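User: Please take a close look at the salt bridges in this model, explaining how buried or exposed their residues are and what else in the structure should be read beside them.

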Amino acid sequence: MKKALISIAFGLTASLLATGASAQATLNSVKQKGFLTCGSNTGLAGFGLPDAQGNWTGLDVDLCRAIAAAIFDDPSKVRYIPLAAKDRFTALQSGEVDVLSRNSTMTMSRDTQLGLDFPAINYFDGQGFMVRKKLGVSSAKELNGASICTQQGTTTELNLADYFRANNMKYEVVAFATSDETFKAYDAGRCDAFTTDASGLYAERLRASAPDDHIVLPEIISKEPLGPAVRHGDNQWGDIVRWTHNAMLNAEELGVTKANVDQMKGSDNPEIKRLLGTEGKFGEAVGLTNDWAYRIIKHVGNYGEIFEKNVGEGSKLKIKRGQNALWTKGGLQYGMPIR
């Protein structure tokens, strides 16, 4: 009996040690490599887009930069891997990328069947339609019999089928493997309408040969909570991604910006002290330094700053905050408390 108990105890200890090692696998790997590998869009203005020199910008890109800042105190320590929609989850599952930050919708099947977790929602979106003004259509419900360009391997295809079935309308789907191919086909006149997330419609319209000839229809036909994804089971890594987003939200709510973060380190506000690491050991709890959030804000900024710069009304996309405003201003973005 004694030997059996010893054997059981040894087995449990070995299991716990293995679990602990697994739980730290991604952070340790990133530190050893010296950079974060970020699965990115192949090119979507405002969210993930490289310039001619290979410099990446966008809301999703800034999330990866923020994670790198938290770990390395250097937002440039990121390597971006452009991924088509059909390849993105496989790349994450296989370990090709450390985090997927590529306007991906959180759904139940993706969360429970693909071995993935979605730690945060950094953009609340919904699917819409874009058409040429000359088509004379002002509502998606006037698209009966239309040909519609969409991208394969996305929730977009499924939502499209649901919408037309629910409204007893017919349509012809014209599907392509990449977002670039899909929009180019629409712009070339190969279909009557183009459908994707509303944010993507505004971004892609900028690339049209005549942007002013196109309108975005008013209907939003789905819920598209977009956010980063990580591999299931690595809880520490999921926590780092989750709290990176929360830190930027809390910074905006507390008025901590890229410009004033050094001054704010002297604040007597206990929430700001915990955020910036002058009180408590919240960074150590996830394997980071206690000034992890200070690093994020100093190098990248708060959520409001990265939203405005990349997709907001001060950007080329000119998207209103809407659902992505802070909860204190009627939106859905709500930073969980650091305490």
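Analyst: A residue counts as buried under 20% relative accessible area, as exposed over 50%, and as partly exposed in between. Lys 33 is therefore partly exposed, since its relative accessibility is 32%. The model is a predicted one, and every value below is computed from it.

How many salt bridges does a search of the whole structure find? The search finds 14 of them, and one is the contact in which the side chain of Lys 33 meets that of Asp 98, with 2.7 Å from N to O. Because Lys 33 belongs to helix H2 (residues 25-33) while Asp 98 sits in the loop between helix H4 (85-93) and S5, this pair ties together parts of the chain that lie 65 residues apart in sequence. The partners fall into separate accessibility classes, for Asp 98 has a relative accessibility of 4% and so counts as buried, whereas Lys 33, at 32%, is partly exposed.

A second salt bridge joins Arg 295 to Asp 73, and here the closest N and O atoms are 3.9 Å apart. This pair links distant parts of the chain, with Arg 295 in helix H12 and Asp 73 in the loop between helix H3 (59-72) and strand S4 (78-82), and the separation is 222 residues. In this case the basic partner is the buried one, because Arg 295 has a relative accessible area of 12%, while Asp 73 is partly exposed at 38%. Asp 73 also deserves a look at its backbone, since its phi is near 60°, a positive value in a residue other than glycine.

Helix H12 covers residues 292-299 and also holds Ile 297. Ile 297 has 0% relative accessibility and so counts as buried. Ile 297 and Val 256 are 41 residues apart in sequence, yet their C-alpha atoms are 7.8 Å apart in space.

A third salt bridge is formed between Lys 86 and Asp 87, whose closest N and O atoms are 3.4 Å apart. Lys 86 is partly exposed, because its relative accessible area is 47%, and Asp 87 is partly exposed as well, with a value of 34%. Beyond these pairs, Asp 180, Lys 184, Glu 204 and Arg 207 are linked in a network of salt bridges.

The internal space of the model can be read beside these contacts. The structure holds one cavity of 30 Å³ or more, and the largest cavity has about 270 Å³ of space. Its lining is made of 21 residues, and those nearest the centre are Asn 103, Gln 151, Thr 154, Thr 156 and Thr 196. At least two lining residues come from each of strand S5 (99-105), strand S9 (146-151), helix H6 (155-166), helix H7 (179-187), strand S11 (193-197) and H8, and among these S11 gives the most, with four residues. Divided by class, the cavity lining has 14 polar, five charged and two nonpolar residues.

The largest pocket offers about 300 Å³ of space. Of the 19 residues that line the pocket, Asp 125, Ala 198, Tyr 202, Ile 220 and Ile 319 are the closest to its centre. Strand S7 (123-125) and helix H8 (198-205) are the elements that give two or more residues to this lining, so helix H8 appears in the lining of the pocket as well as in that of the cavity. The pocket lining divides into nine nonpolar, five polar and five charged residues.

Two features elsewhere complete the view. Asn 168, in the loop between H6 and strand S10 (171-176), has a positive phi of about 55° although it is not a glycine, and at 72% relative accessibility it counts as exposed. Trp 327, Tyr 334 and Met 336 form a nonpolar patch on the surface, with about 310 Å² of accessible area together. Trp 327 is placed in the segment after helix H13 (303-310) and counts as partly exposed, because its relative accessibility is 40%.

To return to the request, the contact between Lys 33 and Asp 98 spans 65 residues of sequence, and the contact between Arg 295 and Asp 73 spans 222 residues.

Key
Residues numbered from 1 in each chain as written. Predicted model: local features only at pLDDT ≥ 70, side-chain atom pairs only at ≥ 80, totals over all residues. Heavy atoms only, no water. Patch = residues over 30% accessible without salt bridge, like charges linked within 9 Å, V, L, I, M, F, W, Y side chains within 5 Å. Areas by Shrake-Rupley, 256 points an atom, 1.4 Å probe, with all protein chains shown as cover. Salt bridge = Lys/Arg side-chain N within 4 Å of Asp/Glu carboxyl O. Buried < 20%, exposed > 50% of the residue type's maximum accessible area, 1.4 Å probe, protein only. 1 Å grid on protein atoms, 1.4 Å probe; cavity = no way out; pocket = protein on both sides within 12 Å on 5 of 7 lines; lining within 4 Å. Points joined across faces, edges and corners; volume = space filled by probe spheres on them. Nonpolar A, V, L, I, M, F, W, Y, C, P; charged D, E, K, R; others polar.
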